[in-house]
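Visitor: I would like a close look at a single part of this model, namely the place where two chains meet. Could you take me through it with care, and then set it against the rest of the fold?

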Amino acid sequence: MVTVRLENVTKRFGKVVAVDNANLEIKDKEFMALLGPSGSGKSTLLYLIAGIYKPTQGRIYFDDMDVTELPPKERNIGLVFQNWALYPHMKVFDNIAFPLELKKESKEEIKKKVTEVAKMLKIDHLLERYPYQLSGGQQQRVAIARALVKEPGVLLLDEPLSNLDALLRMNVRAELKRLQKELGITAIYVTHDQAEALAMADKIAVIREGEILQVGTPDDVYAKPWCKFVGGFLGNPPMNFVESTVIRESGELLIGESRIPAPPKYAELLKKFDVSKVLLGFRPHDAEVIELKPNMPDPPMLVGEVFAAEPLGRETIVTVVLDDETYVKVFASKEQKFDVRDKVGIVLDLEKALLFDKKTELVLERAFEKKEFS
Amino acid sequence: MLTDVEVRSKKTEVAITIAILMASIPLFLAFSLLVLSSFSKEMMTNLSLESFRFTIENWINVLQGKLAFTGGIRQNILKYTFNTALVALGVAGVVTLISALSGYALSRMNFRGRKFLLMFLLMLHAFPGVALIVGVYLLYRLSLPSSPSLVTTFSFMYVIVARAALEVPMATWLMKGFFDSIPWEIEWSAIVDGASRIRVWRKILLPLIKPGIAAILLFGFLAGWQDLIYVRTFLVEPTLATYIEANLEAEYSHMPLIAAAGTLYLLPTIIFFLTSQKLLLETHSGGIKG
């Protein structure tokens with residue numbers, strides 16, 4: 001099938017830079033998610049790959065072929081839109097057959113292929129209906145069938161699940177992932193839903209304001225974000241960030257009144273470079289909330305009081321407000337009971353905690369690498 | 001009784017209906033007098049029912065082309081009706097074709113001067129056709145073919161194009177609105193599937209704006225059907241409008257007979273509005289369903 005490669009791709013609409021110097025490679029058979037908030041340019045990037053938009057600068061390659069100037073129809077892509085863009089005046093069969101008819105394939109061939117793809121997506125009993133007679137989930141299958149029927153090299157999906165209700169979305173998510181693996185097709189998937197990206201993709205590219213911030217496997221992007229934005233965008237609830245001051249002599253971090261040792265992997269770096277203000281980042285699962293008991297030797301921890309506790313059934317999200325008006329969310333087991341205003345301590349799993357430079361918001365190791373720190 | 005916000009109370013409903021009926025009395029009266037007179041031996045314009053004596057002679061005479069009971073003046077009214085229909089259909093066709101293409105371009109293509117053109121179209125629409133007639137006549141004289149045998153055909157073509165030109169600006173504006181209402185994704189989807197833009201226009205977009213096309217065909221037809229000034233200035237042959245106008249004040253004409261011709265002239269308008277209502281209101285319930 002096809003490897004998609006973008007080289008220094010920039011797209012401007014007038015003065016607005018929608019995509020800024022993007023470099024990205026999507027390997028053959030890979031499921032790539034373009035993840036970003038709305039207006040981040042992720043859909044523009046998809047439409048650039050589709051050929052609906054042409055880049056202002058840069059080149060796009062499918063395998064070794066430069067497709068930058070090719071019109072969409074010559075790129076052999078399947079595209080599924082957020083609103084599915086079915087042709088309302090055509091029956092489901094004709095909707096799916098449309099790309100084949102344009103290729104001037106024979107009637108029998110069309111019938112065979114449409115039936116085949118319809119069977120695969122379990123919509124073969126709906127072929128004689130009109131789109132408006134179908135449910136949302138069925139319409140979405142028709143849209144996917146129409147994209148797949150021409151056997152494209154790349155399948156492009158623009159938020160295809162966001163018009164479905166939550167329960168259906170979960171089911172389709174699994175089915176879509178399975179389908180992509182079975183067909184072995186290169187897929188690029190645009191979404192603003194981090195859970196979707198983490199659940200479905202082989203690789204995630206996080207995009208903000210037209211810039212690709214980080215590309216990596218879901219595990220990588222989740223556990224080792226390169227910058228504060230990525231950490232704060234992935235995860236539900238997202239990563240916590242706490243402003244802290246570095247005490248160089250002792251290798252400790254000062255957070256309000258509390259002192260905790262800096263995460264061990266940063267010990268060297270903090271000694272080597274002179275940086276005073278950092279952001280301590282940790283995931284809600286990588287910390288523990290403990291009740292403060294008088295006359296007990298305290299482990300190093302952050303101190304604060306409970307702002308709210310939200311039981312989720314299996315566990316509880318505890319929101320703690322630290323002395324300096326910073327709110328952090330931590331998961332606690334459901335056995336622990338908390339009341340509003342309880343004094344609590346937060347003990348971090350320091351192996352998993354990260355430090356970010358306060359000014360550039362890059363994770364420290366990258367900030368030093370790029371020599372961009374305050 | 002509790003009502004939803006979009007439901008008007010019975011009382012206001014009745015009041016509004018009465019007001020509308022009152023307001024339409026003069027119009028309704030005029031039309032009914034015309035229709036009644038066409039079936040009467042005398043005109044009913046004195047508003048007295050006694051003057052109504054039923055006859056269908058007027059209609060027979062009109063259809064036979066007789067203008068008066070006496071004398072042998074005969075005019076081929078069927079031919080005039082055909083001429084009128086020809087002009088009307090021509091105008092409808094030309095207006096719809098041009099506006100469907102230009103409306104698409106204005107809605108979906110980015111080109112220099114697009115905004116200006118949009119404003120200009122509205123201004124053109126505000127321009128009265130009568131004011132242009134001197135210039136349009138000059139062009140007519142300049143382009144008139146020298147061979148007399150072609151003049152009749154030419155005058156048909158000319159009047160159709162000239163009359164259509166008056167309708168095109170507003171029709172284009174309306175068409176642009178219809179195209180605007182179709183999401184871009186549908187067009188993109190078809191382009192990615194391999195369709196050319198002209199094919200997208202014909203196969204995907206036109207079927208989606210059928211009600212709009214029907215409306216513009218209808219308005220185009222009626223514009224051509226009811227036109228008097230352009231037809232009278234350019235067309236060599238008479239239409240129903242010029243026929244009625246020419247005979248309205250002729251000494252020999254029998255007024256109830258003219259009323260019959262007038263009723264005949266009104267028929268398509270009435271028929272169209274009665275039959276096309278459903279089509280105009282029809283919209284595709286496509287799009288998104290959760």
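Guide: A good place to begin in this predicted model is the salt bridge in which Asp193(B) is paired with Arg146(A), where the closest N and O atoms lie 3.9 Å apart. With the cut-off for such a pair set at 4 Å, this contact satisfies the rule, and the rule finds two salt bridges across the interface of chain A and chain B. Polar contacts can be counted there as well: seven residue pairs, with both residues at pLDDT 80 or more, are found across the interface of chain A and chain B. On the side of chain A that touches chain B, strand E6 (77-80), helix H2 (92-102) and helix H4 (136-148) of chain A each supply at least two residues. Sorted by class, that side of chain A comprises 18 nonpolar, seven polar and three charged residues.

Taken as a whole, the interface brings 28 residues of chain A into contact with 23 residues of chain B. The two chains, A and B, bury about 2400 Å² between them, and 65% of this area is on carbon and sulfur atoms. Within the share that chain A buries against chain B, 23% is supplied by His89(A), Leu102(A) and Tyr132(A), which is more than any other three residues supply.

To set the interface against the rest of the fold, one may turn to a sheet in chain A, in which four strands form an open arrangement in the order E2-E1-E4-E5, with antiparallel pairing. Its edges are strand E2 (16-26) and strand E5 (65-66) of chain A, each of which pairs on one side only. Strand E1 (residues 4-13) of chain A is joined to strand E4 (residues 57-62) of chain A by five bridges, the two running antiparallel, and Val4(A) has Phe62(A) as its bridge partner in E4(A). Helix H1 (residues 42-50) of chain A packs on this sheet, where it touches E1, E2 and E4 of chain A, and its direction makes about 115° with that of E1(A).

Returning to charged pairs, the structure holds 30 salt bridges over all chains, and one of them is formed by the side chains of Lys203(A) and Glu30(A), at 3.9 Å from N to O. This pair links distant parts of the chain, 173 residues apart, with Lys203(A) in strand E9 (residues 203-208) of chain A and Glu30(A) in the loop between E2 and strand E3 (31-35) of chain A.

Definitions and conventions
Residues are numbered from 1 along each chain as its sequence is written. Chains are lettered from A and ligands numbered from 1 in the order in which they are written. This is a predicted model: local features need pLDDT of at least 70, side-chain atom pairs count only at pLDDT 80 or more; totals for chains, interfaces and linings use all residues. Side-chain values use heavy atoms; hydrogens and water are left out. Contact means heavy atoms within 4.5 Å. Buried area is the accessible area (1.4 Å probe) that two parts lose on being put together, summed over both. A polar contact is a pair of N or O atoms within 3.5 Å; within protein, one must be able to donate a hydrogen and the other to accept it, and residues adjacent in sequence count only if both atoms are side-chain atoms. Ala, Val, Leu, Ile, Met, Phe, Trp, Tyr, Cys and Pro count as nonpolar, Asp, Glu, Lys and Arg as charged, and the others, Gly among them, as polar. Two strands pair if DSSP finds at least two bridges between them. Axes are lines fitted to C-alpha atoms, for helices over the stretch in contact, and angles run from 0 to 180 degrees between N-to-C directions.
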